[in-house]
Amino acid sequence: MSDLGLEEAAVAGRERAETDTAKRRQILDGARRVFFERGFEAASMDAITRAAGVSKATIYAYFPSKEHLIAALVGIEKREQAERFIELVAEDRPVAEALTTVGARTILAMSRPEAVARLRLVVGIAPRMPEIGRAFYEDGPMFATHRLGEYLARLAAEGRMTVDDPRRAARQFLDLCLSEMSRRIIFGLETTISEREARDHARVAAEVFLRAYPLGAPAAG
């Protein structure tokens with residue numbers, strides 16, 4: 001399958017995330033279970049058919065191949081996950097509190113067993129199918145960085161923060177949050193992270209971040 005075909009599948013997965021039919025979601029749920037249990041290479045369309053509880057003809061009507069299935073899963077799940085925790089920055093709350101909340105939500109989202117399994121799955125297939133890795137990155141880390149960068153840019157425009165490159169600053173904050181926590185989970189040193197641990201880590205990350213990018217007084221109305 002060409003890179004163009006898989007890229008089109010990934011785009012289709014993103015665009016249809018909000019309008020998925022119940023049948024399509026049923027198929028994706030079954031595929032997710034099989035991929036996470038067996039890995040991409042060992043997963044078969046027969047196994048996915050059984051897990052989804054549909055006929056093989058039904059699966060192929062929606063997804064011509066395993067590659068299309070994984071592309072759709074990446075497009076849907078990473079965008080939904082990013083939206084869930086980055087939307088918090090739109091709330092009207094003190095900056096340090098907003099950053100801590102976003103950071104804690106990010107840590108918890110990335111440490112969920114299914115999120116770790118998804119990351120390992122994509123890392124395993126990315127060398128052979130780089131377009132899947134690209135879609136995963138664009139709909140996850142890049143999307144989250146973009147949304148948080150918009151928030152930081154607004155703070156800068158209002159005179160509430162000193163930051164010359166909001167996108168870079170957003171990436172640095174998310175890296176501060178995830179660096180140690182994500183490594184512990186990915187390498188199997190820990191299996192869970194509590195809400196308290198996540199919030200404590202995110203609070204320290206916010207404190208360090210705000211030393212590099214200090215807050216200023218809000219601009220006069």
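## A first look at His68

Is His68 buried or exposed, judging by its relative accessibility? In this predicted model, His68 has 18% relative accessibility, so it counts as buried, given that the cut-off for buried is under 20%. You can find His68 in helix α5.

His68 also has a partner to look for further along the chain. Ile132 is 64 residues away in sequence, yet the two C-alpha atoms are 9.8 Å apart in space.

## Leu73 in helix α5

Helix α5 covers residues 66-86, and Leu73 sits in it. With a relative accessible area of 6%, Leu73 is buried. Its C-alpha atom lies 9.4 Å from that of Phe136, although 63 residues separate Leu73 and Phe136 along the chain.

## Helix α7

Next, try following helix α7, which runs through residues 113-125. Its 13 residues should span 18 Å at 1.5 Å a residue, and the C-alpha atoms at its ends are 19 Å apart, so the two values agree.

Which residues of α7 are buried? They are Ala115, Val116, Arg118, Leu119, Leu121, Val122 and Ile125. When reading such a list, it helps to know that an α-helix has 3.6 residues a turn, so residues three or four places apart point the same way.

## Helix α9

Helix α9 takes in residues 141-157. For these 17 residues, 1.5 Å a residue gives an expected span of 24 Å, and the end C-alpha atoms are 24 Å apart, which agrees.

The buried residues of α9 include Phe143, Leu148, Tyr151 and Leu155. Arg147 and Gly149 are also among them. After α9 comes Gly159, which has a positive phi near 75°.

Methods
Residues are numbered from 1 along each chain as its sequence is written. This is a predicted model: local features need pLDDT of at least 70, side-chain atom pairs count only at pLDDT 80 or more; totals for chains, interfaces and linings use all residues. Side-chain values use heavy atoms; hydrogens and water are left out. Helices (H or I, at least four residues) and strands (E, at least two) are DSSP runs, numbered from the N terminus. The expected span of a helix is 1.5 Å times one less than its number of residues. Buried means under 20% relative accessible area, exposed over 50%, partly exposed in between (1.4 Å probe, protein chains only).
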